[in-house]
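Visitor: Please take me through one part of this model in detail. I would like to look at the place where the two domains meet.

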Amino acid sequence: MAPPSSLVRTARCLWHWQWLQLMGGLGPADAQGNYRRPPGAFDQLPPLPTDAAAPDGHVLIVGRSCPWAHRAWLVWSLRQLGPSISLLVVEPDPKAGRWCFQQAFEGCSTLAELYQRSGAAATARATVPVLYSRSQQTIVLSESARLIELLNRWPGATLELEPAAQAASTTTWRERLQHSVNDGVYRCGFARTQAAYDRAEAELFDTLDALDADLAAHPGSWLSGPALSLADVVLFPTLIRLELVYAPLFGCTRRTLWQLPALADWRRRFYALQGVDQTCWPEAWRRDYFGALFPLNPSGIVPAAPPLSTLVAGPAAAP
Ligand SMILES: N[C@@H](CCC(=O)N[C@@H](CS)C(=O)NCC(=O)O)C(=O)O
């Protein structure tokens with residue numbers, strides 16, 4: 001026999017209330033239910049360290065699933081900064097909601113301990129990416145938007161990802177992408193109300209449409225002009241996770257990338273750049289997102305997904 005409808009209504013109300021409390025654990029929202037990314041520690045762009053060129057003088061700490069860490073990892077890889085900055089991958093502990101070192105690092109077993117030792121407030125979020133100085137024994141910077149700028153100025157590499165001739169266009173795209181796309185997918189997934197989701201989703205797909213139109217008008221070009229730039233770098237981590245994570249988990253489903261062919265082609269070209277494939281860990285992305293974001297996926301079930309190779313494969317050869 002079906003339970004009385006008043007009981008179902010009460011259970012739904014209670015469940016929804018509990019869901020809202022759990023969503024609060026993922027991040028704050030404003031009164032309209034829009035997700036608001038909290039500020040982080042060590043977020044100011046410092047001058048280039050005087051020992052930047054020293055062999056193995058710095059450490060870039062990343063987590064495989066994190067798109068903000070992915071952009072720093074990409075600059076590190078594209079500019080081949082390995083001789084002066086070593087890469088350290090931390091693993092998530094989804095039950096405790098924190099990042100852990102696989103082997104103790106500077107006497108710390110969690111990233112939170114490293115933040116504390118570097119002078120962060122006890123309440124600060126311990127986020128990746130992090131740039132750590134071995135000589136100063138402190139975190140230099142942990143805000144990815146600034147970190148990619150610092151890494152672009154890092155000595156020992158020739159590739160310039162802020163080409164002067166494209167400066168205005170790079171800045172314009174980066175600002176729009178940061179809000180509407182990089183943070184936009186999270187504002188879709190972490191929205192507390194239909195209206196908040198609708199706003200974020202419309203901005204996201206308006207921007208993807210604009211990107212597609214711009215790239216279609218300039219075949220073979222990169223986002224801000226003929227040369228690769230930081231605008232391309234910040235788009236890639238979000239776009240490569242679209243079918244695997246953001247469409248199924250965050251509801252970014254209005255269009256598939258095949259309906260935005262110039263953008264799909266851009267993603268293929270970016271993936272083919274040397275070293276980019278080494279930064280992509282689709283199994284870890286799906287395991288971490290579907291496993292850790294309990295309020296969005298209480299069952300913990302990881303849905304099946306197409307292999308990454310099919311998303312970045314070239315167009316079929318003509319018969
Ligand atoms: N503002 C930061 C955000 C980075 C961020 O949110 N990283 C997430 C992983 S995707 C994290 O480490 N979260 C851990 C936490 O919030 O405790 C940036 O862009 O660098």
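Guide: Here is a walk through the domain interface, from the whole chain down to single side chains.

Keep in mind that this is a predicted model. Start with the overall frame. The protein has 319 residues and a radius of gyration of 21 Å, which agrees with the value near 20 Å for a compact globule of that length. Along the principal axes, its C-alpha atoms fill a box of roughly 70 × 60 × 35 Å. Twelve helices and six strands make up the secondary structure.

Now the two partners. The domain assignment places domain 1 at residues 58-153 and domain 2 at residues 165-310. Their C-alpha centres are 22 Å apart. Domain 1 brings 20 residues to the contact, and domain 2 brings 29. Together the domains bury about 2000 Å². Of that area, 64% is on carbon and sulfur atoms.

Next, the polar side of the interface. Ten residue pairs are in polar contact across it, with both residues of each pair at pLDDT 80 or more. On the domain 1 side, three elements each supply at least two of the touching residues: α2 (67-78), β2 (85-93) and α4 (144-153). Helix α2 gives the largest share, with nine residues. Sorted by class, this side of domain 1 holds eleven nonpolar, four polar and five charged residues.

Then the charged pairs. The structure as a whole holds 17 salt bridges. Two salt bridges cross the interface of domain 1 and domain 2. Take glutamate 149 and arginine 174. They form a salt bridge whose closest N and O atoms are 3.0 Å apart. Glutamate 149 sits in helix α4 and arginine 174 in helix α5 (residues 167-182), so this pair ties together parts that are 25 residues apart in sequence.

Turn to arginine 287 and glutamate 91. Their side chains also meet in a salt bridge, at 3.9 Å from N to O. The cut-off used for a salt bridge is 4 Å. A distance of 3.9 Å is within that cut-off.

To put the picture back together: domain 1 and domain 2 share about 2000 Å² of buried area. Helix α2 supplies the largest share of the domain 1 side. Ten polar residue pairs and two salt bridges span the interface.

Notes: Residues numbered from 1 in each chain as written. Heavy atoms only, no water. Domains from an automatic or database assignment. Contact = heavy atoms within 4.5 Å. Buried area = accessible area lost by both parts, 1.4 Å probe. Polar contact = N/O pair within 3.5 Å; in protein donor to acceptor, adjacent residues only side chain to side chain. Helix = DSSP H or I, 4+ residues; strand = E, 2+ residues; numbered from the N terminus. Nonpolar A, V, L, I, M, F, W, Y, C, P; charged D, E, K, R; others polar. Rg over C-alpha atoms; globule rule 2.2 N^0.38 Å.
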